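Q: Hey, got a minute to go through this model with me? I'd like to start with one loop and then jump around a bit.

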Amino acid sequence: MEDGEDQPAGDGADVRVRKIIHVDMDAFYASVEQRDDPALRGKPVAVGGSSRRGVVAAASYEARKFGVRSAMPSITAKRQCPQLIFVPPRFEVYRDISHQIRAIFRDYADEVEPLSLDEAYLDVSADKGGLGSATAAARLIRRRIREETGLTASAGVSYNKFIAKLASDQNKPDGLTVIPPGKGADFVQTLSIRRFHGIGPVTAAKMEGLGVFSGADLAAKDGVWLAEHFGNSAEWLHNLARGIDHRRVKSNRPLKSLGGERTFFNDLITDTEIREALAHVCTVVWDRAAKKGARGRTVTLKLRYADFRTITRARSVPSPILDGSALLAAGEAILGSLLPTEQGIRLLGVTLSKFEGEEDEADEETAAPADLLSLI
């Protein structure tokens with residue numbers, strides 16, 4: 001995307017093409033641990049707790065070859081990779097390195113939008129570094145990250161956020177992929193819809209049930225069909241399949257809450273079923289919190305009963321929650337007062353909020369979950 005970067009694009013971009021870089025650190029937490037402990041290099045490493053209730057926060061590429069993934073219960077990870085080495089997380093270290101990396105970003109872009117400790121969007125349209133192209137900026141950023149931190153990063157360069165993020169994942173680890181204007185739709189349509197950022201496993205499964213497996217399959221569906229099957233998401237899906245994304249890179253997005261919820265095909269009746277569901281949702285929520293380096297003090301539990309009555313209960317703890325076990329313990333403390341239940345549970349959700357630096361809310365018992373991300 002070096003020549004003609006500022007020319008108008010033909011697949012839905014604004015008047016002038018933006019130059020967006022998405023930078024994603026490679027196996028960030030695990031790579032930091034391998035960097036700092038030479039004995040771990042080349043070995044399967046999982047950052048997280050090894051206890052029965054432990055959760056994998058990050059896995060090295062050596063561990064990923066065995067199917068070990070973030071948010072996986074530690075007991076499952078150990079079963080899949082018996083030689084797996086567990087290392088406790090050091091979030092203060094990861095946060096310090098993240099700040100170091102973001103300082104590099106700011107040498108080349110005024111608009112930097114961190115998504116978590118290990119990834120961010122950069123709008124380099126203004127060519128702050130005077131390098132002449134977004135591709136040159138991405139190369140230099142990756143080189144500086146390696147030289148100054150001893151870690152590797154992958155980057156995607158394109159004319160919008162959606163494609164830049166897809167591109168950064170294309171040649172991991174330590175890769176650079178450039179998708180120029182005019183090539184976005186072709187690139188998107190070669191990919192599985194499961195690669196699309198924003199399409200979760202449930203929506204992907206629904207699409208596959210309707211015969212939509214790739215971006216090309218999605219692009220072949222018209223707006224009427226999309227609206228019939230996906231409602232208000234129709235226009236968004238229509239645009240994604242054509243490589244269109246008008247979102248701007250936005251700096252300074254304060255994180256207020258994060259969470260997850262799960263809807264069940266069959267209502268949960270027994271205390272054991274409900275507690276197991278809580279453990280699963282807490283695992284996913286903690287994975288998201290760990291990736292963002294977010295440490296909150298308020299946990300909110302959401303339950304929807306078989307008759308669709310919905311309740312939320314929240315509780316704050318004196319100090320920030322530091323691991324998945326503590327999040328689960330807080331959730332179980334809330335759930336305990338609601339069991340046994342007289343009717344089945346059809347949905348369960350957990351939200352973490354009141355992050356470090358935020359002011360206390362007046363009434364913690366009335367806090368409601370926000371920005372929940374559906375799991376299934």
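A: Sure. Let's begin with Asp-127, which sits in the loop between strand 6 and helix 5 (134–149). Keep in mind that this is a predicted model.

Q: OK, what's the phi of Asp-127 like?
A: Positive, at about 55°, even though Asp-127 is not a glycine.

Q: And is Asp-127 buried, partly exposed or exposed?
A: Partly exposed, because its relative accessible area is 29%, and buried would need under 20%.

Q: Which other non-glycine residue has a positive phi?
A: Asp-174 is one, with phi near 60°. Asp-174 lies in the loop between helix 6 and strand 8. With a relative accessible area of 33%, Asp-174 is partly exposed.

Q: What does Asp-174 pair with?
A: Arg-146, in a salt bridge whose closest N and O atoms are 2.5 Å apart. That pair links distant parts of the chain: Arg-146 belongs to helix 5, and the two residues are 28 apart. Arg-146 is partly exposed too, at 42% relative accessible area.

Q: While we're in that loop, where's the cis peptide bond?
A: It joins Lys-172 and Pro-173, with omega about -5°. Pro-173 is in the loop between helix 6 (161–168) and strand 8 (176–178). Another cis bond runs from Leu-339 to Pro-340, with omega near -5°. Pro-340 is in the loop between helix 13 and strand 12 (345–355).

Q: Back to charges. How many salt bridges does the structure hold?
A: 19. One of them pairs Arg-295 with Glu-92, with the closest N and O atoms 3.1 Å apart. Here Arg-295 is in the loop between helix 12 and strand 10 (296–305) and Glu-92 is in helix 4, which puts the partners 203 residues apart.

Q: Is Arg-295 buried or exposed?
A: Buried, since its relative accessibility is 16%. Glu-92, on the other hand, is partly exposed at 42%.

Q: What about Glu-119, which side chain does it meet in a salt bridge?
A: Lys-165, at 2.7 Å from N to O. Glu-119 lies in strand 6 and Lys-165 in helix 6, so this bridge ties together parts 46 residues apart in sequence. Glu-119 is buried at 16% relative accessible area, and Lys-165 is buried at 15%.

Q: Now an acid without a salt bridge. What's going on with Asp-123?
A: Asp-123 is buried but has no salt bridge; the nearest side chain of opposite charge is Arg-18, 4.9 Å away. A salt bridge needs the nitrogen and oxygen within 4 Å. Asp-123 is in strand 6 (residues 119–123).

Q: So which side chain does Asp-123 make a polar contact with?
A: Ser-125, at 2.6 Å. Setting aside residues up to four places away in sequence, Asp-123 also touches Arg-18, Lys-19, Ile-20, Ala-109, Glu-111 and Val-249.

Q: And Glu-33, where is that?
A: In helix 1 (residues 28–36). Glu-33 counts as buried because its relative accessibility is 5%. Its side chain makes a polar contact of 3.0 Å with the side chain of Arg-90. Leaving out neighbours within four places in sequence, the residues in contact with Glu-33 are Leu-40, Val-47, Val-87, Pro-88, Arg-90 and Tyr-94.

Q: Switching to empty space: how many cavities of 30 Å³ or more are there?
A: Three. The largest cavity holds about 50 Å³. Its lining includes Val-23, Met-25, Phe-105 and Glu-119.

Q: Which element gives the largest share of that lining?
A: Helix 4, with four residues. Strand 1 (20–25), helix 4 (91–105) and strand 6 each supply at least two.

Q: And how much space is in the second largest pocket?
A: About 470 Å³. It has 22 lining residues, and the closest to its centre are Pro-73, Glu-276, Ala-279, His-280 and Thr-283. Two or more lining residues come from helix 12 (271–292) and from helix 13 (324–336). Helix 12 gives the most, with eight.

Q: Last one: where's Ala-234?
A: In helix 11 (residues 234–240). Ala-234 counts as buried, at 10% relative accessibility. Not counting neighbours within four places in sequence, Ala-234 is in contact with Gly-223, Leu-226 and Ala-227.

Notes. Residues numbered from 1 in each chain as written. Predicted model: local features only at pLDDT ≥ 70, side-chain atom pairs only at ≥ 80, totals over all residues. Heavy atoms only, no water. Buried < 20%, exposed > 50% of the residue type's maximum accessible area, 1.4 Å probe, protein only. Lys, Arg positive; Asp, Glu negative; His and termini not counted. Polar contact = N/O pair within 3.5 Å; in protein donor to acceptor, adjacent residues only side chain to side chain. Contact = heavy atoms within 4.5 Å. 1 Å grid on protein atoms, 1.4 Å probe; cavity = no way out; pocket = protein on both sides within 12 Å on 5 of 7 lines; lining within 4 Å. Points joined across faces, edges and corners; volume = space filled by probe spheres on them.
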